[in-house]
Amino acid sequence: MSPADDTVQTADAPQSPAPSAPADAFIVVPVRNVVLFPEIVFPITMGRPVSVAAAQAAVREQRQVLIVLQKDPSVDAPGPADLHAVGTVANVLRYITAPDGAHHLVCQGVQRFRITEFVPGFPYLVARGLHLPEPTGTSADIEARFLLLRQQSLEVLQLVPQTPPELRAAVESITSAAALADLAAAYMDISTPEKQEVLETVDLVARLTRVSSFLAHRLEVLRLSAEIGQATKASIDERQREALLREQMATIQKQLGEDGGNAQEIADLEKAIGGAGMSEEVETQARKELRRLQRMPDASAEYGMIRTYLDWLIELPWKLPETPPIDIAEARRILDADHFGLEKIKTRITEYLAVRKLAPEGKAPILCFVGPPGVGKTSLGQSIAKAMGRPFVRTSLGGLHDEAEIRGHRRTYVGALPGSIIQAIRKAGSRSCLMMLDELDKMGVGGFQGDPASAMLEVLDPEQNNSFRDNYLAVPFDLSRVVFIATANVLDSIPGPLRDRMEIITLAGYTAEEKQQIALRYLVRRQLEANGLTPAQANLAPEAVTDIIQNYTREAGVRNLEREIGRALRHAAVQIADGSASKVEIGRKELAEILGPPRFENEVAMRTATAGVATGLAWTPVGGDILFIEAARSPGEGRLILTGQLGDVMKESAQAALSLVKSKAPDLGIDPDKFRSEVHVHVPAGATPKDGPSAGVAMFIALASLFTDRKVRSDTAMTGEISLRGLVLPVGGIKEKVVAAAGAGITRVLLPARNRRDYEEIPEEARKKLEFVWLERVEDAVAEALEPAKAQAV
């Protein structure tokens with residue numbers, strides 16, 4: 001049974017309808033690179049859920065919106081501190097949802113607005129503030145600046161190509177100085193921060209001066225661009241004349257038997273070809289191309305293509321360098337120094353290196369590290385390269401969908417280049433490098449552009465890769481001395497023939513104890529260096545690291561753990577930098593102040609406090625996880641309702657579990673009349689798709705608990721497929737599921753008896769924390785999972 005049967009994907013949970021914003025407040029729509037001015041009609045494209053929700057609420061309630069610019073466009077979830085204080089109140093003219101799913105809001109600016117406070121309690125930003133009315137007074141100073149600005153605007157429109165006549169007419173007909181300043185700033189080619197400055201300038205004289213200054217600079221640029229354009233056109237005509245003369249000169253020199261102007265360049269290329277160490281076939285092809293280059297004029301378009309091709313041939317490492325002997329003891333030391341735990345993985349890598357040492361010319365297997373993100377797959381490859389004394393080069397295959405990205409493009413195409421394999425070899429500078437093929441499972445599927453997975457078959461086949469032909473080079477290149485190591489998160493998306501080329505080594509998630517040691521040995525030191533701190537300036541207590549692992553992260557690897565450690569140390573860096581402290585000690589108390597309240601808590605006991613709720617175990621591409629199966633009865637006609645976005649296999653498991661409970665009703669002491677009621681089975685996190693057969697035992701126990709009114713033990717989680725005969729069948733992903741159970745505070749796990757073979761794969765720390773109960777039949781699960789029945793009152 002494959003672990004992928006229980007795949008759980010992450011998705012956003014649906015939100016309940018939001019309350020209406022107060023009448024004296026505005027719904028805020030944050031924007032990244034748009035500044036809306038009063039009286040200007042402008043379309044705004046939205047993609048963030050919060051912005052879409054805000055716009056929809058405004059349309060639904062027929063209210064104005066407040067368009068406010070973000071300070072940093074890279075912030076995906078802006079808060080009050082991320083927005084400018086001045087924005088524009090706007091009327092929503094139209095709300096459009098495009099066929100591609102994008103949301104567009106057509107707004108017309110009404111008035112400037114200064115935010116004084118934000119109103120909490122809404123799924124989007126809501127703000128109160130002050131309307132900033134436009135100045136109404138007139139003076140000679142304002143009129144003079146108004147006339148100058150109009151003259152500058154018309155001159156800019158004359159210099160800009162393809163200007164709409166309507167815009168010029170609008171500038172000529174406008175009578176308000178404030179409106180002209182806003183119109184010019186809105187359509188002027190200036191930066192977004194500069195437009196925000198104009199928006200925040202309420203004083204009319206200062207605003208006119210600022211916009212006029214920007215327009216003056218733009219006028220100078222446009223005038224200079226026009227002059228450069230005229231000069232460029234004359235230069236192009238001159239170059240065409242020179243090219244014709246050079247071609248005639250080359251013909252005359254050829255007739256006279258004189259050498260061309262590129263004689264020295266040809267000589268340098270010929271010397272480089274002779275010293276590159278190419279094979280006979282490759283050198284013959286290179287010299288053939290060199291002779292073509294010699295007969296070709298410099299101005300020819302094909303001259304540069306041939307020169308680039310020869311540069312690639314010359315710079316590739318055709319010679320086989322001497323590789324240093326592999327020191328097994330040193331390799332063990334490097335692996336132990338770079339990685340904590342992973343003993344079985346280290347043993348297999350040591351065996352791999354030993355075979356490479358004894359048979360350097362042999363065809364060693366291609367290793368593929370499979371595991372969740374952040375468990376150290378790439379760093380293991382770097383350690384192997386260090387132990388073998390070889391250059392390390394990494395090429396990412398994620399999202400690759402074109403066969404030419406592996407094999408290269410043919411030289412008949414403009415801008416053709418070799419494929420990623422040859423480019424990586426050139427970057428490494430050695431034909432005996434260690435190449436890591438990262439994210440092998442994320443390659444695109446084959447289409448009209450070819451199948452990249454099929455191209456990888458030749459790269460990874462030791463019987464074929466000694467004469468690998470890149471489409472660009474069109475000559476064989478020997479890849480047999482390259483050590484290939486692949487990484488992937490899941491195996492299911494890797495085609496079978498490609499998977500058959502590799503030896504799969506699985507890296508499961510780390511236990512809490514392993515994460516603690518990794519953090520204390522590597523992550524804290526690395527983050528101290530990254531933040532410019534020394535151990536004498538900042539110290540993160542071990543108990544604080546434990547709290548981060550238990551209360552602030554939920555992951556199989558250690559990436560989020562390192563981020564949270566870095567966040568805590570950045571807080572210390574601020575105190576060191578401003579001189580408020582000479583050394584910062586971060587313990588549990590300080591950690592809570594820095595990182596805030598715990599993000600995760602043990603909810604198992606709370607979830608299973610009522611009958612009809614069981615704790616199951618699931619496998620995901622990023623490690624194991626726990627899930628809750630909830631069952632409830634209500635008056636009805638005996639229907640079974642299934643919710644929680646369950647897949648077909650999981651729905652069938654629920655139907656089988658209900659049928660099995662009905663068949664076991666006499667043994668369980670269930671009144672048959674209870675089955676006439678409507679049964680509802682729900683798996684929380686309803687927006688997350690779930691599928692797989694291994695929730696069968698948990699569903700059976702949840703239904704048995706519901707009908708017998710016996711609670712499920714809160715310290716117990718379970719997994720396993722069931723049959724209608726009451727057998728508990730084996731499932732996959734036991735190692736990941738058990739590690740997740742230990743991390744969630746579970747103390748007992750119920751597993752299929754036929755999964756005993758996976759017991760040795762479970763980390764020792766997890767085995768010490770858990771009591772294992774092996775199930776042959778569902779009766780065993782009932783006896784172990786359900787609490788004793790309540791005694792009947794006499």
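Which side chains does a polar contact of 2.8 Å join? T716 and R748. Okay, before I go on: what we're looking at is a predicted model, so please keep that in mind for everything I show today.

Let's stay with T716 for a moment. You'll find T716 in strand 20, residues 716–718. Its relative accessibility comes out at 0%, and since the cut-off for buried is under 20%, T716 counts as buried. Besides R748, there's a polar contact from the T716 side chain to the side chain of D715, at 3.0 Å. And if you ignore residues up to four places away in sequence, T716 touches T615, I746, R748 and L750. So R748 turns up in that list of contacts as well as in the 2.8 Å pair.

Next, the open sheet. It's built from 5 strands, in the order 8-9-12-7-13, and the pairing is parallel. Which strands stand at the edges? Strand 8 and strand 13, the latter being 502–506; each has a single partner strand, so each has one side left without a neighbour in the sheet. Going from one strand to the next, the twist averages 25 degrees.

Let me zoom in on the strand 8 edge. Strand 8 covers residues 392–396, and V393 and T395 make up its covered face, while F392, R394 and S396 are on the uncovered one. That fits the textbook picture: in a regular strand, side chains alternate between the two faces of the sheet. Strand 8 pairs with strand 9, residues 434–438, in the parallel sense over 5 bridges. If you want a spot to click on, take V393: its bridge partner in strand 9 is M435.

Further into the order we have strand 7, residues 366–370, and strand 12, residues 483–488, which pair in the parallel sense over 4 bridges. There, the partner of L367 in strand 12 is I485.

Right, helices. Helix 2, residues 140–159, and helix 4, residues 177–187, have axes that come within 10 Å and cross at roughly 35 degrees. The crossing is left-handed. What does helix 2 bring to this contact? I142, F146, L149, R150 and S153, and they meet A177, L180, A181 and A184 from helix 4. By type, the residues of that contact divide into 7 nonpolar, 1 polar and 1 charged. The spacing on both sides makes sense, because an α-helix has 3.6 residues a turn, so residues three or four places apart point the same way.

Two more helices, quickly. Helix 14 runs over residues 420–428, with S420, I421, I422, A424, I425 and A428 buried. Right after helix 14 comes G429, and its phi is positive, near 75 degrees. Helix 15, residues 452–460, is mostly covered, with 8 of its 9 residues buried. Those buried ones include P452, M456 and E458, so yes, there's a glutamate in the list.

Last stop, A55, over in helix 1, residues 49–61. Buried or exposed? A55 is at 0% relative accessibility, so A55 counts as buried. Leaving out residues up to four places away in sequence, A55 touches V29, M46, Y95 and L105. And for a sense of scale, A55 and A286 are 231 residues apart in sequence and 63 Å apart in space, C-alpha to C-alpha.

That's my tour, so over to you.

Key:
Residues are numbered from 1 along each chain as its sequence is written. This is a predicted model: local features need pLDDT of at least 70, side-chain atom pairs count only at pLDDT 80 or more; totals for chains, interfaces and linings use all residues. Side-chain values use heavy atoms; hydrogens and water are left out. Buried means under 20% relative accessible area, exposed over 50%, partly exposed in between (1.4 Å probe, protein chains only). Helices (H or I, at least four residues) and strands (E, at least two) are DSSP runs, numbered from the N terminus. Two strands pair if DSSP finds at least two bridges between them. Axes are lines fitted to C-alpha atoms, for helices over the stretch in contact, and angles run from 0 to 180 degrees between N-to-C directions. A crossing is left-handed if the near helix is turned anticlockwise from the far one by less than a right angle, and right-handed if clockwise. Contact means heavy atoms within 4.5 Å. Ala, Val, Leu, Ile, Met, Phe, Trp, Tyr, Cys and Pro count as nonpolar, Asp, Glu, Lys and Arg as charged, and the others, Gly among them, as polar. A polar contact is a pair of N or O atoms within 3.5 Å; within protein, one must be able to donate a hydrogen and the other to accept it, and residues adjacent in sequence count only if both atoms are side-chain atoms.
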